[in-house]
Amino acid sequence: MIKRINLFILLLSTFSFAVKAQEKLTLQDAISIAMQNNYDIKISQNGVKIAKNNANIGNAGMLPNLTGTYSNGGSIQNTRQTPATGADRVITGARSTNNDIGADLNWTVFDGFSMFANYDRLKELQKQGELNSRLAILTTIADVISAYYDVVRQQKLVIAADSAIDISVFREKIAKTKLQLGRGSKLDVLTAQVDYNTDTSNYLQQKNNLQVAKVRLNQLMVRNVNLTFSVDNDINIDQALIYSQLAELSQKQNPNVQNAFINQRVAALNLKSIKGARYPVVSLNSGYSRTNSTSPTGFNQKFAANGFTYGVTASLNIFNGFLQRQQERNAKLDIENSSLNLDKTKLDISSQLLTAYQNYSTYLDLVKLEQRNVDIAKENLDITLAKYRLGSIAPLELREAQRNSIDAQNRFIEMQYQAKLSEITLKEISGNINLSN
C-alpha cells in the first residue's frame, strides 16, 4: 500500500509539473483567439460583405443598361430566276454575307419610385447583415467566456478532489499506525483504504471533466483540440449589475430587437415598391448600329448602313387580373406581422432578462451563503482532524467531516460558476459583452 501511495504522490508531482509547464491562457487571450479564428464570425463577416456589395444604385435599378451586339453570318445558295421576258438566270453557289454591330441603351428614369424604395431596402439589409455579424460576435464571446469559466470550475474541482485524497492518505496512515500499536483494528484500515480509492476515483473523473472542458474551449477558439493549457483560478463575478439599466440597454442594443426593427422597415419599403407599379414606367432608349451585307442574287448586291436610334417609352399597367391589389394587401399583412414580431421579440427579451436577473440575484446570495459554509466546514474539519489524531473520535466522524468540507467547497464552486453564467447571460441579452468580461 505504501508503494501505491508513493506512486500516486509521484503522479501528482508529475501532473503539477506538467501544469506549470503548460501555456497560461487568460480570458482576454481566449476571446482574442476566437475573434480571429471562429468560423461563425468569419461566415457572418462574409455575409456583411455580400450585403454591402448588393447595396448599390445599380442593383436598385437606377442606372442604365448598355448592351453591345455583334452578328456575322451568310448563306450559300443555288438560285434560278425566271424573268417575264428573256432566258432564266441560273446562279450556282451564290454567297450572301451579313455583318451587324451595334449598341443599345435603355434607362428607366421613372418607375413610380420603386427604385428608390429598393435602394433603401438594400441599405436596410446591409444593416441587418452587420447586426447578424454583431450577434455572431456576441454569441461567440459569451460561449468562450462560459467555456473558459467552465475550465476554471473544473480546475478548482480537481484541486478540491486532490485535497480529499490528502486527508484520506493521512487517515489511512493513522489507521495503520494504530493497528501496529494494538490500538486499532483491521476494519478501520480497510475502510480507510476503500475511502482512499473512492476519493482517487473521484479525482480521476474530475481530471477527465477538466480535459473535456479544455477540448470544448479549444474548439470554440478554432485551434488544435489537443493543445493543453492552464487558466486563472478565480471566478470573478460582476456584482454591480442593475436591472433597470440592463432593461434599457436590451431595448436599444439587443441584436434580435434591432433585427425586428429592420424587418419592420423592410416590410414598409416593400409595400412602397409594390405601389410603384400603379404609376407609369418611363424609359429612355438609344442605340447605334452598323450593317454590311452582300447578296449577288438581290436587287442591291451590296448594302451598308450605320446610324443612331433614340426614343422614349412609357407604359402603364392598366389591369393585371387584380394581382396589384393582392400584392399590396399581402405587403400590408407583412407590415402587420413585422410589428407583431417586434412586440413579441421585445416581450421575449424582457422575459429572458428578468429570469436571468432573478437567477443572478439568487446565485449571488447563494455564493455568500456557501462561502460561509466553506469556512464553517473547514473549521469543523480542522477540529475533527485534531481530535482524530488524539483518538477521541471514530474514523466515520472524520469521514463525515471530510465529506461535508468537500461538498461545501463543491457547492461554493458551482454557485460561483452559475452566478457567472447568469452574469454572462444578462450582458449578452443587453448587448453589453466586451473583452474585459
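Val222, which follows directly after helix α5, takes a positive phi of about 55° in what is a predicted model, where local features require pLDDT of at least 70 and side-chain atom pairs count only at pLDDT 80 or more, whereas totals for chains, interfaces and linings use all residues. Residues are numbered from 1 along each chain as its sequence is written, and side-chain values use heavy atoms, with hydrogens and water left out. Helices (H or I, at least four residues) and strands (E, at least two) are DSSP runs numbered from the N terminus. Helix α5 comprises the 35 residues 186–220, for which a span of 51 Å is expected at 1.5 Å a residue, in agreement with the 52 Å between its end C-alpha atoms; the expected span is 1.5 Å times one less than the number of residues.

Helix α4 covers the 68 residues 114–181, and its end C-alpha atoms lie 100 Å apart, which agrees with the expected 100 Å. The residue that follows α4, Gly182, also has a positive phi, near 80°. Within helix α4 is found Asp166, which is partly exposed at a relative accessible area of 46% (buried means under 20%, exposed over 50% and partly exposed in between, with a 1.4 Å probe and protein chains only). Between Asp166 and Arg89 the C-alpha to C-alpha distance is 120 Å, at a sequence separation of 77 residues.

Strands β5 (residues 281–294) and β6 pair in the antiparallel sense over 14 bridges, where pairing requires that DSSP finds at least two bridges between two strands. Tyr288 has Phe308 of β6 as its bridge partner. Strand β6 (residues 302–315) is hardly covered, since the count of buried residues among its 14 residues is zero. Leu284, which lies in strand β5, is partly exposed at 38% relative accessibility, and together with Trp107, Val109 and Val312 makes a nonpolar surface patch of about 350 Å². Patches are made of residues with over 30% relative accessible area and no salt bridge, like charges being joined within 9 Å and nonpolar side chains (Val, Leu, Ile, Met, Phe, Trp, Tyr) within 5 Å.

The structure holds nine aromatic pairs, among them the tilted pair of Phe113 and Phe116, with 6.5 Å centre to centre and 40° between the planes. Rings of Phe, Tyr and Trp (its six-membered ring) pair if their centres lie within 6.5 Å, with planes under 30 degrees apart counted as stacked, over 60 as edge-to-face and the rest as tilted. Phe113 is partly exposed at 44%, as is Phe116 at 42%, and both belong to one aromatic cluster with Phe110 and Tyr279.

Terms used
Areas by Shrake-Rupley, 256 points an atom, 1.4 Å probe, with all protein chains shown as cover. Salt bridge = Lys/Arg side-chain N within 4 Å of Asp/Glu carboxyl O.
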